[in-house]
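Trainee: I should like a close look at one chain of this model, and in particular at the surfaces through which its parts meet. Please take me through them in order.

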Amino acid sequence: MESIKDKVAIVGMGCTKFGERWDVGLNDLAIEAAYEAYEDAGVGPEDIQACWFGTVSAPVIGIGATVAAEALKLHDIPITRVENWCATGHEALRGACMGVASGMYDLVLVLGVEKLKDTGFAGLGTGRGMHPLYEARRTAPGSFALIATRYFHQYGLSPEEGKRTIGKIAVKNHHNGSMCPKAHFRNEITLEQVMNAPIIAWPLGLFDCCGNSDGGAAAIVVRADMAKQFRHDPVYIKGLGLSFDAMLPHNRPGFSWTSFSSMVNSARQAYEQAGVKNPRQELDIAVIHDCFTITELVIYEDMGFSPHGGAKEDIDSGFFTLEGGLPVNTDGGLKCFGHPVGASGLRMTYEVYKQIQGKAELPSRQLKEVKLGLSHTFGGPPQVSAVAILGGEPG
Amino acid sequence: MVGITSFGAYIPLFRLSRDAIAKAWLRDSLGGERSVANSDEDSMTMAVEAAFDCLRGVERKNVDGLFFASTTAPYKEKQCSTLVAAVADMESEIITADYANCLRAGTNALRSALNAVSAGRARNILVAAADCRLGYPRSDFEQSFGDGAAALLVGDSGAIATLEESYSCSEEMLDVWRTDEDTFVRSWEGRWVLGEGYSANIQRATKEVMKRSRLEPKDFAKAIFPSPDTRTHRRLAQSTGFDIGSQVQDPLLAAVGHCGAAHSLMMLVAALEEAKPGDRILLTSYGDGADAFVFQVTEEIEKLEERRGVKGHIASKMSLPSYERYLSYRDIVGTVPSEPFRLFPSATVLWRDRNSTLRCHGSRCRRCGVVSYPIQRICINCRSKDDFEEVRLSDKGGKVFTFSSDNLAGRSDDPVVVQTVVESEEGAARIYCMMTDCQPSEVKVDMPVELTFRRIYEGAGFHNYFWKCRPPREGGK
């Protein structure tokens, strides 16, 4: 097994405005994301040799990669549609990186888009799973709230203490998102608002849940040795991890519902490739899967940012704020961008890419000296987790 | 000796005060309360509950027949006894039959079971009766009906009550009925229905069965007359010569309501709960004629393990918060259409997975002992392939490992769905399911739960049933 480290680089990225984009469809989102990436890399559709396209739901199952071909008129090249739950965006990136690293292609497009606001209903829907009975009334908030209940129980937090702890994550992410022009939600919130918000799935309230948004993001991936031909500040892929688990692995002895092996292993794979020994100290930024506030908390622990059971202390001390030791979800995360599933992994990667280049839209939220960053998606729970580590310099 | 070898009953958790119904319609109240099936219950699921109560301590493989009786079967074409039998984890080489269309369906099924066992064509037949009838809004029936179920195991040895005599007669009259298109029960003029129909037939059958068994009212410990109302019940008891105070079984109307085809068997279960060896019990049920039985209770009754029966289920209850909730639980008023389910129901999936979905079997790995639910061909712990035995989890208790109270997954009349991970006492198997019959605000990690078979949604033109958990009802573990 060889590491992907420094074999490929990203030389252009695009990201749509996220939100309730009533007036645009899936094709428009694809165009908006791809053309920003083309412009950023200084390339055009004629330069694309292959495309990896990630989308989960829309408009119907079984349409392959037609959206990418149809919207972008990418004729005569291979296009691969990928779907891997919430990790779909990362999975498209991983496929593209492997295609380039193999030497089969020099320059490819990665595209992730999702149009959620065409169903007539809020949320990702009821019946998340594979079986018409076992998961008939399963919803995303209902599933992730199982983690919060168990976490509070395992670590002896009262519902009040537990909710205040994860509530601080919502306040932090909304603060960060308020400075991000492409975010869906750009409002600051207070901890009291979080605590008093209506319950969506106990113990999770409205502000513990990410929004339901439309969006798309894209990347141009090239061979690392060509990267400087496109720009002076390409961003290099340092590690790519992806790990799976069963639909409901909770029959495995010791499965706790507060720690997920898919998360631990996807991070381990990426850290090993990137040569990261101590992520808490070595990473300068992490944009992670805060679909719910509790998810962000357990990610801190499973990805080695905090010890297991120690996330509360780091949250309370502000370790993950813009000024903290490891800023997390600097763009507001899924909390402020929402979670158009196929786009999210690439939207997160876009934030890491821009921060490494020092090109966050507003100086107020640009971090200093970002050399190594991580993006991460987690789906299910608890089946799938994907990690990408990016850096500004080879070596 | 052929007779009843075990019994069980089921009454839904919810009770609705008749005053609340009366208040909604600005009319008089019949007093007391009636049972109301939850929105995820129907006659089939209630029959399953009663069957499980009856099967405590009974080897499933010894049961070679299952009869289901109801006037409100969830299917017009499609047998329910096969479904009840599968859920109760019976063998497949059994006789099944549905009894329907008549208030006497419960005792019709009981009589057929007694006949079949007497004739030596079967050894043990489970009779499960349930009903969930609807009275027109504002009608007396709406108040006087209840929802419930009973189950009796009929066998050729070890009877707790042996059959001494039986008698049946048929009477063709349109007293109470529903056409194939009716939702609510219709009836002709009450005085004729109660006089020429109900009372005349019960009197005739009661008299005749006593004559044939050469017994008189004084020879009976209990006489059971399932009745549509308390006044008729009292008059009937007097006219047949039984002492209302000491000999006549409570008609279950004040606390439960008339449970249709199941009612006569529920009253029999209630009588057996109080019976002593040597007691004679008379049961006469009515519906397009009458069925009468004389049973004698044996010493075996003292060996029966504790069960919930009628008494336990009456004692464990929760108030339905409003009459309107009853209307929507019974689909008399509509609920807001929800987003279509993402996972489309499939008859072939249900059939293929029936050992997990209906029989509630998990798999126990023969190599490492880990129990998984649903059945897994490859063990999640040691990856051994196709090396497992199936274990029934439906009658095992458990506790809540974790839960959430989900406001997005429910019906508009019951928006909060409690999602749970249950840890079974069988090998600590974890079961992901919904919780029903609970107060969401009172759910806690580690609280004890038991499994219950419920109707979880409609789709593809059929009813989709699956297991849920609930806080344990009182009595019998």
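Mentor: The account below takes the domains of chain B, then the contact with chain A, and then two single residues.

This is a predicted model, in which local features need pLDDT of at least 70 and side-chain atom pairs count only at pLDDT 80 or more, while totals for chains, interfaces and linings use all residues. Residues are numbered from 1 along each chain as its sequence is written, chains are lettered from A and ligands numbered from 1 in the order in which they are written, and side-chain values use heavy atoms, with hydrogens and water left out.

Chain B is assigned domain 1 (3–329) and domain 2 (347–470); such bounds come from an automatic or database domain assignment. The contact between them (heavy atoms within 4.5 Å) takes 26 residues from domain 1 of chain B and 24 residues from domain 2 of chain B. Over C-alpha atoms, the centres of the two domains are separated by 31 Å. Together the two domains bury about 2200 Å², 44% of it on carbon and sulfur atoms; buried area is the accessible area (1.4 Å probe) that two parts lose on being put together, summed over both.

Between these domains there are 10 salt bridges, each a side-chain nitrogen of Lys or Arg within 4 Å of a carboxyl oxygen of Asp or Glu. A salt bridge also joins the side chains of Arg454(B) and Glu49(B), at 3.9 Å from N to O. The domain interface has 23 residue pairs in polar contact, both residues at pLDDT 80 or more. A polar contact is a pair of N or O atoms within 3.5 Å; within protein, one must be able to donate a hydrogen and the other to accept it, and residues adjacent in sequence count only if both atoms are side-chain atoms. On the side of domain 1 of chain B that touches domain 2 of chain B, α2 (43–54), α3 (81–87) and α10 (323–329) each supply at least two residues. Helices (H or I, at least four residues) and strands (E, at least two) are DSSP runs, numbered from the N terminus. The most comes from α2(B), with 5 residues.

The contact between the chains takes 47 residues from chain B and 41 residues from chain A. The area buried there is about 3700 Å², with 62% from carbon and sulfur atoms. Leu343(B), Ile380(B) and Tyr432(B) supply 19% of the area that chain B buries against chain A, more than any other three residues. The count of salt bridges between chain B and chain A is 0, and 18 residue pairs are in polar contact across this interface, both at pLDDT 80 or more. Elements giving two or more residues to the side of chain B that touches chain A include β18 (398–406) and β20 (430–435); β18(B) gives the most, with 6 residues.

Two single residues remain. Ser70(B) lies in strand β4 (residues 65–70) of chain B and is buried (under 20% relative accessible area), at 1%. The side chain of Ser70(B) reaches the backbone nitrogen of Thr72(B) at 2.9 Å. Not counting residues up to four places away in sequence, Ser70(B) touches several residues, among them Ser43(B), Tyr99(B) and Asp131(B). Gly190(B), in helix α6 (residues 190–212) of chain B, is partly exposed (between 20% and 50%), with a relative accessible area of 36%; accessibility here uses a 1.4 Å probe and protein chains only.
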